[in-house]
Amino acid sequence: MEDIKLALRGIWSHKLRSILTMLGIIIGIASIIAIVSTINGTNEQIKKNLIGDGSNAVTVSLFNQDYEMDFAVQSAPNGVKYISDNLLGKIEKLEEVELACPYHNRNAYSNIYYKNTSLAGGTLIGSDMRYLDVNNYEIAKGRGFSDADIVSCKKVAIIDEKTAQNIFPNSIAIGKIIEIEKEPFTVIGIMQKKDEFAPAINNIKDYYTYKTDYTSGTVLIPDTCWPTVYQFDEPQFVCVKAIDTDHMTAAGNKTAELLNDYYKLDADTVYKGSSVMEQAKQMQALSESTNKQLVWIAAISLLVGGIGVVNIMLVSVTERTGEIGLKKALGARKSKILIQFLVEAAVLTLLGGIFGVGAGVILSVIIGKVSEVPILISAWSIVLSVGVSVVIGLVFGLLPAIKASRLNPIEALQRE
């Protein structure tokens, strides 16, 4: 504590010199925090843009080689039946999975009409109310499926708001009858996302990267009605809700492995989980590899700041030659002198680090507002920056401290 007090007293007595010495540390730390905050913010934005509303839903579909199977144009593989409750229970017991539901789908090939209005390019889903829970939907108007609807194969449908706008632009949708493959279904409810999210589209590249919802609407019918509509049984896909975003890939992969082991499918036809998080990680890695180069460039200013510390501490040793000689004449050991000057250098750079953190946070906020880039300031980057500033003081203050500890007391007093 005595060494720290001496260091603070010395810094205060030479305020301008100390501030100029700390300037390199302040600029370096501020630059690194701003860059790291931008990297973190960009990575979070990439994740949000790809995943969307934060439902953490992963689709596990049947693939033939590298292409997802579409039963509108492909025949179903042999031996793949409906997902049983027992198999679904095993999926939900996976530690990465919160909820799961089986479903059928027709994407863009669905033949859906209301009178003469077609839902061209719409998506038809055959499932139950679990589909809404897994995919972050809720009933906005009307009602959902009842157990009686599922058991009795009642021809009822739930549509999303996009479907309602497209085929019922000027009328109330609830109670209307739509035709699905010439089969009449009564609209009983309208579903909507619990959390609406639109990806940040800043240019045409972002549009093609993130804008994946090209359907004109989604219609949900009871899965028990699917054979009525399409006249034969089809294998089901599975949608699982991961416990959090970071476990989406593992949830999809483990579900796919469980299904493949259960059905003992051949190598060409297998279940695979959607790779949204893998795509996000690849894009994040590309972003980080570019920005990490900027971190190294910013680190050069820390090196310059360290050289400034060496310079000022050597000047301090020269100015305090008499003080050092007197202390050694009174019995002070080399280690005591060494620690005193090391502490002074560390306190100097620690103050620079603290001011640099404050400047970095302010700089990050300014960058975020001016360039509209998302910013995420992490606690670990602040702690690391302060720690690095102390290490710089210890490393670059070592040479002047060693020089001070090795001064001959007689020569030091005579020089004074």
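Is Glu234 buried or exposed? Buried: its relative accessible area is 3%. Keep in mind throughout that this is a predicted model. Here are my notes, starting with that residue.

1. **Glu234 and its partner.** Glu234 makes a salt bridge with Arg106, and the closest N and O atoms sit 2.5 Å apart. Glu234 is in the loop between α8 (226-230) and β12, while Arg106 belongs to strand β3, so the pair ties together parts that are 128 residues apart in sequence. Arg106 is buried too, with a relative accessible area of 3%. The cut-off for buried is under 20%, and Glu234, at 3%, falls on the buried side.

2. **Other salt bridges.** Searching the whole structure turns up six salt bridges. One of them joins the side chains of Arg130 and Asp128, at 2.7 Å from N to O. Here Asp128 is buried, with a relative accessible area of 12%, whereas Arg130 is partly exposed at 31%. Another links Asp149 to Arg143, with the closest N and O atoms 2.8 Å apart. Asp149 is buried, at a relative accessible area of 2%, and Arg143 counts as partly exposed, at 35%. There is also a network: Glu95, Glu96 and Lys254 are joined by salt bridges that share partners.

3. **The largest nonpolar core.** This core has 40 residues, and Leu259 and Tyr271 touch the most other members. At least two residues each come from β1 (57-64), α3 (85-92), β3 (97-107), α4 (130-134), β8 (156-160), β10, β12 (237-242) and α9 (248-263). Helix α9 gives the largest share, six residues. As background, nonpolar side chains tend to be buried together in soluble globular proteins.

4. **What does Tyr271 touch?** Leaving out residues up to four places away in sequence, the contacts of Tyr271 are Val60, Ser61, Leu62, Val80, Ile83, Gln236, Ala256, Leu259, Asn260, Tyr263 and Leu265. Leu259 is worth picking out of that list, being the residue named with Tyr271 for touching the most other members of the core.

5. **A second core.** Apart from the largest core lies another, of 21 residues. Its members include Ile112, Ile167, Phe168 and Tyr230. Phe168 comes up again in the next point.

6. **Aromatic pairs.** The count comes to six aromatic pairs. For Tyr114 and Phe168, the ring centres are 4.5 Å apart and the planes are at 55°, so this pair is tilted. Tyr114 lies in strand β4 and Phe168 in the loop between α6 (161-167) and β9, so the pair ties together parts that are 54 residues apart in sequence. Both rings belong to buried residues: Tyr114 has 12% relative accessibility and Phe168 has 3%. Tyr262 and Tyr263 give an edge-to-face pair, with 5.1 Å from centre to centre and 90° between the planes. Tyr262 is partly exposed, at a relative accessible area of 43%, but Tyr263 is buried, at 12%. Finally, Tyr103, Tyr131 and Phe237 make up one aromatic cluster.

7. **Strand β9 and its neighbours.** Which residues of β9 (residues 177-180) are on the covered face? Ile178 and Ile180 are, while Ile177 and Glu179 are on the uncovered one. That fits the general pattern, in which side chains of a regular strand alternate between the two faces of the sheet. On one side, β9 runs antiparallel to strand β4 (residues 112-114), joined to it by two bridges; β9 is also joined to strand β10 (residues 183-193) by four bridges, again antiparallel. Glu179 takes part in both pairings: Tyr113 stands opposite Glu179, and in β10 the bridge partner of Glu179 is Pro184. The hairpin of β9 and β10 has two residues between the strands, and Glu181 there takes a positive phi near 55°.

8. **Helix α12.** This helix covers residues 334-371, so to speak 38 residues in a row. From first C-alpha to last it reaches 53 Å, close to the 56 Å expected at 1.5 Å a residue. After α12 comes Glu372, which has a positive phi, near 55°.

Conventions: Residues are numbered from 1 along each chain as its sequence is written. This is a predicted model: local features need pLDDT of at least 70, side-chain atom pairs count only at pLDDT 80 or more; totals for chains, interfaces and linings use all residues. Side-chain values use heavy atoms; hydrogens and water are left out. The expected span of a helix is 1.5 Å times one less than its number of residues. Buried means under 20% relative accessible area, exposed over 50%, partly exposed in between (1.4 Å probe, protein chains only). Two strands pair if DSSP finds at least two bridges between them. A nonpolar core is a set of buried Ala, Val, Leu, Ile, Met, Phe, Trp, Tyr and Cys residues joined through side-chain atoms within 4.5 Å. Contact means heavy atoms within 4.5 Å. A salt bridge is a side-chain nitrogen of Lys or Arg within 4 Å of a carboxyl oxygen of Asp or Glu. Rings of Phe, Tyr and Trp (its six-membered ring) pair if their centres lie within 6.5 Å; planes under 30 degrees apart count as stacked, over 60 as edge-to-face and the rest as tilted.
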